[in-house]
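Let's take a walk through this one together. Have the model open and ready to rotate as you read.

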Amino acid sequence: MSIPPANNGATPAARQPADWRDFFALTKPRVMTLVIFTGLCGLLAAPGHINPVIGFATILCIAVGAGGAAALNQWWEADIDAGMKRTAKRPLPAGRMERESARDFGMALAGLSVLTMGLAAGWLCALILAGSIVYYALVYTVWLKPRTPQNIVIGGGAGAFPPMIGWVAVTGHITWMPVLLFMIIFMWTPPHFWALALFVKTDYAKVGIPMMPVVAGEKSTRRQIFAYSVLLLPLTLLPVFLPKSDGGPGWIYGVSAGVLSTLFLLLAIRVGFRVRRDEDDSMKPEKQLFAFSVLYLFALFAALVADRWVPIIGGYL
Ligand code: HEM
Ligand SMILES: CC(C)=CCC/C(C)=C/CC/C(C)=C/COP(=O)(O)OP(=O)(O)O
């Protein structure tokens, strides 16, 4: 891949040698915890068995691949990150690392993870991983993000692949269940991100990124958050209608999904139909929805695993 630097060196020159902490920060570890967790849950909830060593390698490859894609994202966006308070302290905009180091690091992690995935879990998993890396680093970061307010709707697909990879590592093929898991994260991403974009709106506007609140306005963004959250509720219930033999979950997942998605929808209704009185508004409901979105996905995928393993463990007791 020979992509020219996005800013022609507009970020400050590296002032000090980067250490391992900077390289670690390039992988966006906090965001990636949920990516890794959903990948792990896909693997643990799938019907069938996997050698624990191969299972561990699969999750490691998802983590390394996602980290590599995040490093490439920051290599490309160093100038944009420099212009936003939330991201200005990252290794590149803060001048703690040469841009080329981030690019090489990202490429190395991406290549290594795909190759190892292919050898350990099979080439279908490697193909999906490679697709999600290209999706995040190229399709979303380079193409969609600076061009359209639908950037995260379409681009959100990148983060929706990990549970599918985990699932396919066990079963060897793509069936309805991993497709539904993909669709759940896909539908979850707009409310997750637009809730945040509502309260950091001024930052994105400053660097010319056409995020939805900047382009379509706050009211339209709020309505769209609501719309995606409405669709999310039935979507999360669909898996219980799949046959058990295809990995369709039972009542533990069904009840959890119903409760969690209803709570999500209630918070989204509050955000969706709120009219702010002044610019100094604390944006508490939006912050709550964003925070809950993260907790929600953790809990939903944990419920999926519990649904498969509680009866099995119960059978041994
Ligand atoms: C294109 C889609 C997405 C966008 C634009 C987006 C953007 C963001 C942003 C800007 C933050 C703020 C904090 C930060 O930068 O560290 C954040 C937080 C977070 N995102 Fe997303 N996100 C997206 C999709 C996802 C997906 C698919 C996942 C996981 C499945 C995810 C997991 C998280 C988590 C766990 C946090 C909280 C991190 C913390 O506690 O600091 N995000 N997201
Ligand atoms: C396996 C694999 C490749 C997974 C991809 C994982 C993933 C969650 C991708 C998209 C989510 C993400 C971190 C968006 C950040 O948006 P941004 O980069 O626009 O945010 P910023 O403004 O903080 O830079």
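**Two ligands, one pocket to start from**

Start with ligand 1: the space it takes is the largest pocket. Helices H2, H9 and H14 (284–316) are the elements that each give two or more residues to the shell around ligand 1. H9 supplies the largest share of that shell, with six residues. Keep in mind as you look around that this is a predicted model.

So who sits closest? Of the 20 residues around ligand 1, the nearest are Arg 30, Arg 86, Thr 189, His 192 and Leu 196. Let's take His 192 first. Its home is helix H9, which covers residues 176–199. The NE2 atom of His 192 is the only protein donor of the iron atom of ligand 1, at 2.2 Å. The side chain of His 192 also has an N or O atom 3.1 Å from a nitrogen atom of ligand 1.

Now swing over to the arginines. In the side chain of Arg 30, an N or O atom comes to 2.7 Å from an oxygen atom of ligand 1. Arg 86 has a contact of this kind too, with a side-chain N or O atom 3.0 Å from an oxygen atom of ligand 1.

Arg 86 is also a handy bridge to the next stop, since its side chain places an N or O atom 2.8 Å from an oxygen atom of ligand 2. Two tyrosines join in. For Tyr 140, the distance from a side-chain N or O atom to an oxygen atom of ligand 2 is 2.6 Å. For Tyr 204, a polar side-chain atom lies 2.9 Å from an oxygen atom of ligand 2. On its own, ligand 2 would expose 610 Å², and the protein buries 88% of that.

Where does ligand 2 sit? The space it takes is, again, the largest pocket. The elements giving two or more residues to its shell are helix H2 (29–45), helix H3 (52–76) and helix H6 (123–144). H6 gives the most, with five residues. In total 19 residues surround ligand 2, and the closest are Lys 28, Arg 86, Arg 90, Tyr 140 and Lys 145. H2 is worth a second look here, as it appears in the list of shell elements for ligand 1 and in the one for ligand 2.

Finally, step back to the annotation. An unreviewed UniProt entry places the feature "transmembrane region" at residues 31–50, 56–76, 105–138, 225–242, 248–269 and 289–310. How do two of these spans look in the model? Over residues 31–50 the chain is 75% helix and 0% strand, with the end C-alpha atoms 27 Å apart. Residues 56–76 are 100% helix and 0% strand, and here the end C-alpha atoms lie 30 Å apart.

Conventions
Residues are numbered from 1 along each chain as its sequence is written. Chains are lettered from A and ligands numbered from 1 in the order in which they are written. This is a predicted model: local features need pLDDT of at least 70, side-chain atom pairs count only at pLDDT 80 or more; totals for chains, interfaces and linings use all residues. Side-chain values use heavy atoms; hydrogens and water are left out. Donors are N, O and S atoms within 2.8 Å of the metal (3.2 Å for Na, K and Ca); water is not among the atoms, so sites may look incomplete. Helices (H or I, at least four residues) and strands (E, at least two) are DSSP runs, numbered from the N terminus. UniProt positions are given in the numbering used here, feature names are shortened, and annotations may be inferred rather than shown by experiment. A residue is near a molecule or strand if one of its heavy atoms lies within 4 Å of it. A polar contact is a pair of N or O atoms within 3.5 Å; within protein, one must be able to donate a hydrogen and the other to accept it, and residues adjacent in sequence count only if both atoms are side-chain atoms. Accessible areas come from the Shrake-Rupley method with a 1.4 Å probe; for residues, only the protein chains shown count as cover. On a 1 Å grid over the protein atoms alone, a cavity is a set of points where a 1.4 Å probe fits but cannot get out, and a pocket is an open set with protein on both sides within 12 Å along at least five of seven lines; lining residues have an atom within 4 Å of a point. A molecule sits in a cavity or pocket if more than half of its atoms lie within 2 Å of its grid points.
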